Amino acid sequence: MRKQKKYYVVWEGKNPGIYETWDECKKQIEGYKGAKYKSFKTLDQAKEAFCNPHLANSKPLDYPLYGICVDASYSTKTKEMEYRGILLHEKNKLLFSQGGYKNATNNIGEFIAIVHALALCKKNNWNYPIYSDSKTAISWVNKKKVNTKLKLNEENHILFEHLTRALNWLKENTYNNKIIKWNTEKWGEIPADYNRK
RNA sequence: ACAU
DNA sequence: CTATGT
Ligand SMILES: [Mn+2]
Ligand SMILES: [Mn+2]
């Protein structure tokens with residue numbers, strides 16, 4: 001199920017007003033010091049709020065605008081995992097996207113996504129910071145050790161192959177990229193998110 | 001408890 | 001509500 005449509009009120013930004021998408025809203029507040037904005041469920045609520053700026057309770061938008069963001073999604077419904085990476089400083093351009101991993105876990109997806117980004121960076125001589133919202137996956141990357149409880153079975157042997165490949169890449173390569181925890185509470189959902197929650 |  | 005992890 002897709003996320004419900006929202007209306008975005010921008011009180012302080014390049015062009016204050018009401019916007020129908022986060023992308024449009026974001027344009028108005030990126031790089032705008034002291035931006036004030038907030039989302040509402042209905043257009044009526046948004047219109048009302050626009051006339052009452054004291055309703056603004058959002059923090060300034062000052063999340064990172066340079067580097068790579070990765071995210072993964074695992075559906076317990078379809079038992080499928082996918083992950084992807086985007087470039088913050090190229091208007092969230094999609095860098096890579098992989099899916100169809102049956103019988104996986106969220107954390108394995110988040111882990112492979114980070115390593116995929118690291119390998120891509122090394123190949124291109126990029127030293128971009130890499131953002132992930134997964135404490136678990138960042139920990140696994142830093143320790144070069146995957147502590148999953150998932151059992152290998154007929155459904156997920158490809159997943160485990162790719163997991164092993166990622167782990168081997170980590171152990172056999174060096175990198176200088178910073179791996180940074182995306183601060184979801186302060187910055188909102190990581191831009192690579194699948195917005196399914 | 002915290003992070004997905 | 002379920003599950004994956006530190
Ligand atoms: Mn995530
Ligand atoms: Mn997500």
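User: Which helices supply at least two residues each of the surface near DNA strand C?
Analyst: Helix 3 and helix 4 do. The model is predicted.

User: What makes a residue count as near DNA strand C?
Analyst: One of its heavy atoms must lie within 4 Å of the strand. The residues that surround DNA strand C include Thr105, Asn106, Lys135, Trp140 and Lys149.

User: Which parts of DNA strand C face the protein, sugar or phosphate or bases?
Analyst: Of its atoms within 4 Å of the protein, 78% belong to sugar or phosphate. The rest belong to bases.

User: How do you know that threonine 105 makes a polar contact with DNA strand C?
Analyst: A polar contact needs a pair of N or O atoms within 3.5 Å. A polar side-chain atom of threonine 105 lies 2.8 Å from a phosphate oxygen of the strand. That is within the cut-off, so the pair counts.

User: What about asparagine 147 and lysine 149?
Analyst: Asparagine 147 has a polar side-chain atom 3.3 Å from a phosphate oxygen of DNA strand C. For lysine 149, the atom is a polar backbone atom, and the distance is 3.2 Å. These two values are within 3.5 Å, so each pair is a polar contact.

User: What surrounds RNA strand B?
Analyst: Asn106, Glu110, Asp133, Ser134, Lys135, Lys181 and Thr184 do. Of the RNA atoms within 4 Å of the protein, 85% belong to sugar or phosphate, and the rest belong to bases.

User: What makes the approach of lysine 135 to RNA strand B a polar contact?
Analyst: A polar side-chain atom of lysine 135 is 2.9 Å from a sugar or linking oxygen of the RNA. The limit is 3.5 Å, so the pair qualifies. Lysine 181 offers a side-chain N or O atom at 3.0 Å from a sugar or linking oxygen of RNA strand B. Glutamate 110 places a polar side-chain atom 2.3 Å from a sugar or linking oxygen of the RNA.

User: Which residues coordinate the manganese ion (ligand 1)?
Analyst: Asp71, Glu110 and Asp133 do, at 2.0 to 2.6 Å. Donors must lie within 2.8 Å of this metal, so these atoms count. Along the chain, the donors follow the spacing D-x38-E-x22-D. Glutamate 110 sits in helix 3 (residues 106-124), and aspartate 133 in the loop between strand 7 (130-132) and helix 4 (135-143). These two residues are 23 residues apart.

User: Why is glutamate 110 called buried?
Analyst: Its relative accessibility is 8%. Buried means under 20%, so glutamate 110 fits the term.

User: What makes aspartate 71 a bridge?
Analyst: Aspartate 71 bridges the manganese ion (ligand 1) and the manganese ion (ligand 2). The two ions lie 3.7 Å apart. Ligand 2 is coordinated by Asp71 and Asp193, at 2.0 Å.

User: Why does this pair tie together separate parts of the sequence?
Analyst: Aspartate 71 lies in strand 4 (residues 68-75), and aspartate 193 in the segment after helix 6 (184-187), so the pair links parts that are 122 residues apart in sequence. Aspartate 71 and aspartate 193 are buried.

User: What is the strand order of the sheet that holds strand 4?
Analyst: The order is 6-5-4-7-8, in an open sheet of 5 strands with mixed pairing.

User: Why are strand 6 and strand 8 called edge strands?
Analyst: Strand 6 (93-102) and strand 8 (179-181) each have a single partner strand, so one side of each lacks a neighbour in the sheet. Neighbouring strands here are turned by 20° against each other on average.

User: How do you know that strand 4 and strand 7 pair?
Analyst: Pairing takes at least two bridges. Strand 4 and strand 7 are joined by 2 bridges, so they pair. They run parallel. Cysteine 69 stands opposite tyrosine 131 in strand 7.

User: Which helices lie across strands of this sheet?
Analyst: Helix 3 lies across strand 4, strand 5 (80-87), strand 6, strand 7 and strand 8, at about 150° to strand 4. Helix 4 lies across strand 7 and strand 8, at about 155° to strand 8.

User: How do you know that strand 1 and strand 2 pair?
Analyst: Strand 1 (residues 7-12) and strand 2 share 3 bridges, in the antiparallel sense. The rule asks for at least two, so the strands pair. Tyrosine 8 has tyrosine 19 in strand 2 as its bridge partner. The sheet is open, with 3 strands in the order 2-1-3.

Technical notes
Residues are numbered from 1 along each chain as its sequence is written. Chains are lettered from A and ligands numbered from 1 in the order in which they are written. This is a predicted model: local features need pLDDT of at least 70, side-chain atom pairs count only at pLDDT 80 or more; totals for chains, interfaces and linings use all residues. Side-chain values use heavy atoms; hydrogens and water are left out. Helices (H or I, at least four residues) and strands (E, at least two) are DSSP runs, numbered from the N terminus. Donors are N, O and S atoms within 2.8 Å of the metal (3.2 Å for Na, K and Ca); water is not among the atoms, so sites may look incomplete. Buried means under 20% relative accessible area, exposed over 50%, partly exposed in between (1.4 Å probe, protein chains only). A polar contact is a pair of N or O atoms within 3.5 Å; within protein, one must be able to donate a hydrogen and the other to accept it, and residues adjacent in sequence count only if both atoms are side-chain atoms. Axes are lines fitted to C-alpha atoms, for helices over the stretch in contact, and angles run from 0 to 180 degrees between N-to-C directions. Contact means heavy atoms within 4.5 Å.
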